[in-house]
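Good morning, colleagues. I should like to take you through one protein chain, place by place, and I ask you to keep the display in view as I speak.

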Amino acid sequence: MTAVVGDAAVGGAEWQLCAHCRSLVYRKRLQRNRSVCPECGRHERLTARERVRQLFDAGSATPLDFQVDPGDPLGFVDTRPYPERIRSAQRKTGLAEAVLCVRGTIGGSPVVAAVMDFDFMGGSLGTAVGELVTRAAEHALDRRIPLLLVTASGGARMQEGALALMQMAKTSQALAELDEAGILTVSLITDPTFGGVAASYATLCDVIVIEPGARLGFAGPRVIEQTIGRVLPTGLQTAEFLLDHGMVDMVCPRAALPATLARILSFGVRDRAERPSGARTARLVHDGGELVAGSPWETVQQARDPHRPTTLDYIHAMLEDFEELHGDRLASDCTSVVGGLARLDDVPLVVLGNQKGHTATELAACNFGMATPAGYRKAARLMRLAAKLRLPLLTLVDTPGAYPGPEAEEQGQAVAIADNLRIMTRLPVPVVAVVTGEGGSGGALAIAVANRVLAFSNAVYSVISPEGCAAILWKDAAQAPRAAEALRLETRHLLALGIIDGVIPEPEGGAQADPALAAERLGHAVKSTLEELSGLDARQLIAERRLRFRSFGTLPPV
Ligand SMILES: [Zn+2]
């Protein structure tokens with residue numbers, strides 16, 4: 001058995017040997033399982049046609065017959081003339097080129113797709129492939145329909161020389177036009193996606209989904225090993241590695257792809273009727289005098305109570321269709337900032353916030369809610385997505401502050417925070433921030449430059465922690481309660497200073513005593529605030545937000 005490769009030696013076409021776990025699998029069973037090995041979960045490669053069949057609603061996919069002909073621009077001959085290689089690839093796949101373009105629906109959402117086929121010359125990116133991907137993007141642009149790119153490629157097609165290289169720029173340009181037009185782009189990365197395709201359209205999409213075990217990278221492993229003269233660590237460039245390193249949004253098993261893509265694509269279909277409506281008037285407190293004045297230090301303890309609902313608790317309790325997106329697309333995925341696409345009743349929005357935990361393990365896993373630069377860059381990415389798709393942005397603030405470690409300094413914590421402050425002043429969409437617990441310094445403000453800033457009644461918002469303030473000014477951290485009082489970090493003071501616009505009353509005993517009720521009140525508050533902002537256009541939203549922050553220190557407190 002050890003020497004057996006392929007089908008022939010193991011009893012004809014009925015059985016197939018899994019290249020990973022070496023199990024013999026009955027071919028029909030494998031097909032029923034979407035070509036995923038039932039023994040080890042290895043995702044076998046699919047042809048473009050199989051992929052379309054698996055993803056699209058039955059009978060909905062219509063081929064887009066763009067006529068392209070790669071020709072033979074260089075008169076290229078290696079061991080065989082290039083046109084001969086093309087012809088045999090065409091015979092093998094039944095496709096004119098390495099991409100199949102279709103239009104149809106996934107879970108009822110319309111989508112234009114360009115699906116690559118690795119069997120056609122290794123999915124190499126030549127002029128015809130670049131042209132087909134570009135035409136699919138243009139088709140999506142003309143009809144204002146989301147674009148899905150399914151990639152599988154070894155890289156640029158050498159037989160077409162520098163003309164193949166130029167396809168990276170051409171396709172990237174097509175995606176930039178979709179960005180400018182606010183049209184959702186999604187890529188599904190399948191194994192393998194390397195070189196020119198990885199470094200252009202595969203990774204430029206708004207949402208990047210990857211199949212388990214699929215590899216994506218710029219340089220192929222062999223090239224890297226030859227260049228650096230070292231053996232690569234296992235797992236490099238695999239889906240799971242890429243998720244950890246912030247390059248992709250999610251690893252999605254094949255069986256779950258149609259439903260997952262349907263959810264994501266639904267955010268790209270804009271219904272003119274969607275507006276915050278029927279909002280019950282939320283009870284927001286605008287007069288600090290109505291708020292109970294307890295001890296400031298006790299309020300700080302309340303705000304930090306680990307039993308308070310976290311950002312993810314609120315998201316799951318008050319929003320629907322939450323699709324969490326991951327990564328900063330640079331180097332990592334910070335666990336102390338979470339966010340994604342969701343709906344508040346029927347209103348689609350982008351939500352993001354600081355994530356803490358309830359138990360010691362959870363708190364450690366999310367770094368106690370202290371974001372790294374990658375966290376702020378993930379937030380920035382989500383803010384840009386909100387701007388592009390013209391979706392309101394909701395941010396939930398609950399952090400002791402930005403992470404103050406050496407790695408954070410190496411990765412530009414100050415720059416990441418500053419960048420977010422600037423990005424938020426430019427967002428052409430309604431922005432609502434809610435301080436749900438601790439609003440700690442620049443790390444909090446970096447996601448809170450909003451049109452309206454709300455806070456729960458026991459929340460605090462401060463330039464520095466009371467402990468930090470006491471250590472610096474009193475040279476004694478034990479003076480924290482005194483500092484808490486002096487800093488006026490409670491909501492009644494914040495209201496008077498205009499730092500916050502409204503207070504959401506917490507249930508008796510605090511948000512932690514009745515998380516469901518707290519979430520309900522938060523939902524009402526956000527909905528009515530969005531309703532209030534819905535009459536403003538992009539220019540007005542930006543102008544209003546800038547005026548809000550421009551006024552601090554120049555006008556008498558309200
Ligand atoms: Zn297997």
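Let me begin with Arg22, which counts as partly exposed because its relative accessibility is 41%. This arginine sits in the loop that runs between strand 1 (15-17) and strand 2 (24-26). Its backbone deserves a remark: phi of Arg22 is near 65°, a positive value in a residue other than glycine. A second arginine shares this feature, for Arg329 has a positive phi of about 60° although it is not a glycine. Arg329 is placed in the loop between strand 11 (320-324) and strand 12 (337-344).

Before going further, I must state that this is a predicted model. The mean pLDDT of the protein chain is 93, and 95% of its residues reach 70 or more. Over residues 1-9, however, the pLDDT is below 50, and this stretch has 12 contacts in the model beyond near neighbours in sequence.

I turn now to helix 2. Which residues of helix 2 are buried? They are Ala48, Arg51, Val52, Gln54 and Leu55. Seen down the axis of helix 2, these buried residues fall within an arc of 165°, so they line one face of the helix. As for what they pack against, the buried residues of helix 2 meet strand 4 (99-106), strand 5 (109-116), strand 6 (147-153), strand 7 (185-194) and helix 9.

The pairing with helix 9 can be described in detail. The axes of helix 2 (residues 48-55) and helix 9 (residues 257-266) come within 9 Å and cross at roughly 70°. Angles of 65 to 115 degrees count as roughly perpendicular, and helix 2 and helix 9 are therefore roughly perpendicular to each other. On the side of helix 2 the contact is made by Arg51, Gln54 and Leu55, and on the side of helix 9 by Leu257, Pro258 and Leu261. By class, the residues of this contact of helix 2 with helix 9 divide into four nonpolar, one polar and one charged.

Two of these residues, Arg51 and Leu257, lead us to Glu211, since both are among the residues that Glu211 touches. Glu211 is found in the loop between strand 8 (207-210) and strand 9 (216-217). Is Glu211 buried or exposed? Glu211 counts as buried, because its relative accessibility is 2%. Not counting residues up to four places away in sequence, the contacts of Glu211 also include His43, Leu188, Ile189, Thr190, Ala239, Val251, Cys252 and Arg254.

His43, in turn, has its place in the loop between helix 1 (27-32) and helix 2. At 15% relative accessibility, His43 counts as buried. Although their positions lie 168 residues apart along the chain, the C-alpha atoms of His43 and Glu211 are separated by 7.6 Å. Leaving aside neighbours within four places in sequence, His43 is in contact with Ser35, Val36, Glu211, Pro212, Pro253 and Arg254.

Strand 7, named a moment ago, holds Pro192. A cis peptide bond joins Asp191 and Pro192, with omega about -10°.

Beyond helix 9, in the loop between that helix and helix 10 (296-304), we reach Val269. This valine counts as partly exposed because its relative accessibility is 35%. Val269 touches Ser109 and Pro110, not counting residues up to four places away in sequence. The C-alpha atoms of Val269 and Pro146 are separated by 7.5 Å, with the two residues 123 apart along the chain.

Moving on to strand 12, we find Gly339 there. Gly339 is buried, with a relative accessible area of 0%. Its contacts, leaving aside neighbours within four places in sequence, are Phe322, Glu323, Glu324, Leu325, Val351, Leu352 and Leu382. From Gly339 to Leu396, C-alpha to C-alpha, is 9.7 Å in space and 57 residues in sequence.

I close with another pair of helices. Helix 17 (residues 466-473) and helix 18 (residues 480-487) pack at an angle of about 105°, with their axes 8 Å apart. Helix 17 and helix 18 are therefore roughly perpendicular to each other. In this contact, Pro466, Glu467, Cys469 and Ala470 of helix 17 meet Ala480, Ala483, Ala484 and Leu487 of helix 18. By class, the contact of helix 17 with helix 18 has seven nonpolar, no polar and one charged residues. Thank you for your attention.

Key: Residues numbered from 1 in each chain as written. Predicted model: local features only at pLDDT ≥ 70, side-chain atom pairs only at ≥ 80, totals over all residues. Heavy atoms only, no water. Axes fitted to C-alpha atoms, helices over the stretch in contact; angles between N-to-C directions. Helix = DSSP H or I, 4+ residues; strand = E, 2+ residues; numbered from the N terminus. Parallel < 35°, antiparallel > 145°, perpendicular 65-115°, else oblique. Contact = heavy atoms within 4.5 Å. Nonpolar A, V, L, I, M, F, W, Y, C, P; charged D, E, K, R; others polar. Buried < 20%, exposed > 50% of the residue type's maximum accessible area, 1.4 Å probe, protein only. Arc of directions from axis to C-beta. pLDDT = per-residue confidence, 0-100.
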